[in-house]
Each structure stands twice: as structure tokens, then as C-alpha cells.
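Let's take a walk through this structure together. Keep the 3D view open and turn it as you read.

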Amino acid sequence: MFKKRVLQLFFICLFLAIFSSSLCAEGVSSMELIRNAEKYNGETVTYEGEVIGDVMCRGEYGWINVSDGESVIGIWCKREDLEKIKFAGSYKTKGDKVRISGIFNRCCSQHQGGLDIHAQELEVVESGREIVHSLNMKKAQLVGILAIAALGFLLLSILRNSSLKESSEPPSSSPD
Amino acid sequence: MIFKPKLEDLKVIGYYLGKLIIGLGVLMFIPLIVALCFKEWNPALDFLLAALVSFIIGYFLLSLIPRSKELNWTHGMVVASLSWLFAMLLGAIPLYLSGHFINFLDASFDAMSGFATCGLTLIRNLDHLSYSHNIWRHLMMFVGGQGIVVIALTFFVRGIGGAFSIYVGEAREEKILPNVIQTARFIWLVSFIWLILGTSLLTGAGILEGLKPMRSFLQGLMLFMAAWDTGGFAPQSQNILYYHSFLIEIITIILFVVGSLNFGLHYALWTGRRRELYRNIETLTFFITMMITFTLVVLGLMKTNLYSGNLALFRRGFYQLVSGHSGTGYMTIYKEQFLRGWGPLALLGIIIAMGIGGCSSSTAGGIKILRIGIVFRGFLKEIRQLMSPESGVIVQKFHHFKERILEDTQVRSAALIILAYVLLYLFGAVIGVFFGYPFELALFESVSAGANVGLSCGITSVEMPVLLKVIYIFQMWCGRLEFMAVFVLFGFIGALIKGK
């Protein structure tokens, strides 16, 4: 009986250990950090997402903004980490997916109250790429139809205007 | 007895509306050119499509009504209010086609927010939006801030006698120059000079902060358009927080404070009358209300002990306050932080500042500082009257470009507009509470929409109820036009239905 209980306890502990370690590996979401900023303030967190916009170097350090799809958080990193980033997300590119481990600050004292993460480690987990936007032919066809309609109304408007002008002009007197 | 408007009245309205709609279609060529320059082919089709729809509607109206008599007061008001609704619907077409909105209502919400220089947004995945669509969002603010009608007066309409009525319909009461068209052109001249100056400063700051030159220029241009017109849209989803830059924050503060000043004041400074800056009732009241609300924000933030150090208080507290007071809505914090960390007193400070807004005849929304100043002077006059002998006559003066004697009618009309704004703010707040949001947050968001500010505490989102989206659109429209044109439109529709 005692052995059975010990065995049960062992499996529960094992399950909890595996579950919590998988949670740590996934890291926390941006909204979780923003909404529970007080709880995570000063803690080491793991955050993962796409680098968007620009890589902004400021001397030995610099900023990137990382989006996990819910929100975007500013990451303060070393220049050598910034150099690992090849793609930043925009209309034409999907940014590199990075995993950051660092200190979360609710009101960063170094950056005058900003909510940010100071990265200790940065790893590119998935490389970004250029996005090819193929031309939407349905839109192009619709534009063609609308262009003909607009031209028709423009001509109609000009014709109506000129016919009104003619009718309102006084008849020209003959020279003799 | 209510007189039913005649067919001739509808023709006048249709004619000028047609011209304004064509003007809007022409405006869409700017983002179209941007799309072509950056090889954004699908966005180019979006703008071409929206421009063509505008031309079809505009030329259809003009082919039905090729000529028109001059506008009277009612026509001008109806044209002004309807042109903003048409601008919203047509401006929403390219936004919706971008694929960044879940439905046309959300795109219309952003279009009205843009034209009304509000800044609340329902866009998804903004960080992957094309340059041309992003330019369009900011261009709507630039155009809406000056006034859609002001543009028409400047570029498309020449020598119309009723021009002043549509100009007033767009919530501009003062003619800076004797002629309303000259006034409209002066507004544009000032804006273009600041456009060059502001964009250059922001581009330079962006490069210094690590942005590539072309990106810095585009972001600088967009930030300028939304800052100068006290709009609040930004090219990236984190708003101003994206740049993590004190320099950009300082430049944007200067731009939106200058943008929230009366264009008459710009003219006074332009013509060398610098004393106007510290003698004018508006600038004095602006300073006083700013100090009072800032005190509330500081006390509130000290209570929550959120920010340590004066610079943090300046970059997070003062920035949000000035942004709210000027009606801009630029943010250097996350919207969720208002709820989690600011506390009720600091929120109250921001709500009061947003509700008051900027100067009259500026790009800012809200009650307007001039009205607050006039009502306060009226209040002082009443107290002085009570304290003086019955036969005594109290004369209260104020300085607004010249010495003026305060009339009771001025105080009454200012008080009426203040009351209308307060009711508008409460209306949105009550609807927010009905949908289950806490009162202070519902009031915050409602004041932000009604005063065309754009600061958000998180209510404005794709998931919010449809009715609340419609109410906020109505508040943005009403707040931007300062009620009169909207009331006249409702009266006109009522007369069409019930008139004899």
C-alpha cells in the first residue's frame, strides 16, 4: 500500500516537472507580460516572436521590437545579437523569429519607465523571408470595368455641361 | 410649420457633394503614386479602385446636376456633414481591400478616425501594412485636420459666395484673413511649411536613432502628418513607444502642441505679433488647464508609485497628458497600463485634459480651450456682478487677437456647446457601461472618441460590440464637426420627411 502511494506521488511529481518545463520552454506571451507586469517585473523571462520594423542600433546596444501576434514588446540587446537578425517584418518581408531570454522590466529605470525586456540571450529560431504578393486578377478586372464606367460618367457630365452652356449663350449677331 | 426642402435644394447639395467626392478621388492618387514607387501592385489596385468609385459617384452627381445656384447656410451645413460621411465610406474602401480589417465597418471606423483626427484604430497586423496604405491612413489625418472642405475651398472651388457656410459647417468659425478662400489657403501654407520642417526633423531624429534613411523619411512624414493634425495614428502598432526615443518624443510634443494652437495665432506670429502668444485667452487657459491636469496626473502616479524619477514621469506621464490635451493620442505606454498602474486620479486628469481639447480653429478636437476661457470669464463676471451695487454695470474683457468685451450671448453659446460635449461624452460612456465595461474606462474611451483624441485604455478593439463601434464613429463625426452641421443635417432630413 505504502509503495503504491510513493509510486503515485513519484508519477505526479514527474508529470508536474515535465509540464512546468514545457511551459518554460514556450515562454510567456506579450499580453501575459503586459497584463501581469507587476508579477513578472525583474524576473527572467523567455519570450518568442517575429522581429518587426527596424533594427535600431544605438552604440554597443540597440532596440528591436518583437511581435508574438498578440502585442509587440521592445527588446534591448547587445549589438552582436542584433547582427544575427537578417529580416525584420514588413509588408514585403516576414521577420526572423527569435527567442529571447532576459530580464523583464515593468518600468525600466534605464529607459525612463518603459516596459521592455533586456535580453541576455537571443537566438534566431526561424529565419525570415521575402513575401511574394501575387497580383490579384479579380481586382485588376474590376478596375478595368470601373474605369470604363467612370469614363462614361465623365463624358456624360461634360456633354451635359456643354449642352447647358450652348443653351444659355445668347445667339450671336450677324456682322451685317 | 416645417417647410419641405425643394428639389432645387437637393440639387445644390448634390452638386457640391459631387465636387467634393471627385476631390477625394483625386487625393487617392497620392497613395497610388507611393504604391507604384514601392512596387506595391495590389495596394495600387486598391487605390485605383477606390478613386474610380469616387469618380463614378462624383461624375454621376455632376451629370445629373451640371450646374447649381449658390449655397445658402443650410446647404453649406448639410454639404459639410454629408461630405464627412462620404469621405468615411470612400476612404474605407482601400483600407478594407488591404485585408487588414475583418469587415467594412472596421475599415469605416478607421477612416472616420483618420479624417476626424481621432486615432482610435481597429486595424490588425499594422506592422505588415504596405507603405501606401499606411500613407493613406496618415494622409486622411492630414486632410481631415485641415478640413476636407478647406481643401475643396483651396483647390477645387473658386469664388463661391456660400463658401463660408460650409467652412463654418466644418467647425471653423474664424476667418483669419478677410476672404474665406484666402484663409483656407493660409491654413495650407502654414501646414506645408511645418510639413517640411517637421518631416526633416523627424527624419533626422530617426536616422540618429538607427532607422535607415528611406524608412526614416517615410516614418517621419507619417508621424508628422498625425502629430501636426493632432491625429494619433502611427506607422507601427506600438505607436510612439516603437522608437524608444526621447528625441522623437520631444519633436512630436512640439509638433502636436503647435498643431493644437489656433491658426489665427499662427497668423499673428507670422505677422510679428509675438505678444499674442502670452496675452491670448486661449494660450493662457491652455497653460492653466495643462498645469491643473498635470498636477492630477502627477499626484495620481505618485500614489501608485509607478514611475521613479522625473524623466520617467515626463516621458510617460507628461507625454500622455499633453498628447491627450492637444487631442493627439500618441502613446509611449501600452494602453493596458492605463488600467493596470495609473490609478483613478491620474486617469481623471487625462480624461479632463482630453475632454477640454486644444484651441479653436486648430486641428484639435474637444470642447476647445476658448470656450472654457469664456465660460470662466463669464463666471468671474457673475461673481463681480453679485458683489457690486445693483446699479453697477460690470464689463468683463478678454484678449483674443484684440481686446473684446465679454457678451452674455458668447458665454451662453460657449456653455451650450460645453453641455453638448459633456452629454456626448456621457452618452458613449453609458453605452460602454451597458456592454459591461467599468464606468471609468467607458468614460475614458468615450471622451477619447468624442474629443477626437485617440488615447485608448483598451476598449477599442476588433472584439468590441458592433453597436459600440457605430457609437464611437458617431461620436468622432459629431465631435469633429462640433454638432451644428450634424444638427442641421438631422433637421434637413426631418424636414424632408415631415415638411409641407
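Searching the whole of this predicted model turns up 33 aromatic pairs, counted over all chains. Let's look at one of them. The ring centres of B:Tyr15 and B:Tyr16 lie 5.1 Å apart, and their planes meet at 90 degrees, so this pair is edge-to-face; the cut-off for that label is an angle over 60 degrees. Are these two tyrosines buried or exposed? Both B:Tyr15 and B:Tyr16 are buried.

Now stay in chain B and look for a whole group of rings. B:Phe142, B:Trp188, B:Phe192, B:Trp194, B:Phe224, B:Trp228 and B:Phe263 are joined into a cluster by ring pairs. Try picking them out one by one.

Rings can have charged company too, as you can see at B:Phe233: the charged end of B:Arg137 sits over this ring, at 4.3 Å from the ring's centre.

Next, swing over to chain A. How many helices and strands does chain A have? There are five helices and seven strands. If you trace chain A from its N terminus, the elements come in the order α-α-α-β-β-β-α-β-β-β-β-α. So much for the order along the chain; what about contacts across it? Take the contacts in chain A between residues at least 6 apart in sequence: 55% of these join residues at least 24 apart.

Finally, let's check the inside and the outside. Chain A has 176 residues, and 37% of them count as buried. On the outside, chain A exposes about 11,000 Å², with 58% of that area supplied by carbon and sulfur atoms.

Definitions and conventions
Residues are numbered from 1 along each chain as its sequence is written. Chains are lettered from A and ligands numbered from 1 in the order in which they are written. This is a predicted model: local features need pLDDT of at least 70, side-chain atom pairs count only at pLDDT 80 or more; totals for chains, interfaces and linings use all residues. Side-chain values use heavy atoms; hydrogens and water are left out. Rings of Phe, Tyr and Trp (its six-membered ring) pair if their centres lie within 6.5 Å; planes under 30 degrees apart count as stacked, over 60 as edge-to-face and the rest as tilted. Buried means under 20% relative accessible area, exposed over 50%, partly exposed in between (1.4 Å probe, protein chains only). A charge sits over a ring if NZ of Lys or CZ of Arg is within 6 Å of the ring centre and within 35 degrees of the ring normal. Helices (H or I, at least four residues) and strands (E, at least two) are DSSP runs, numbered from the N terminus. Contact means heavy atoms within 4.5 Å. Accessible areas come from the Shrake-Rupley method with a 1.4 Å probe; for residues, only the protein chains shown count as cover.
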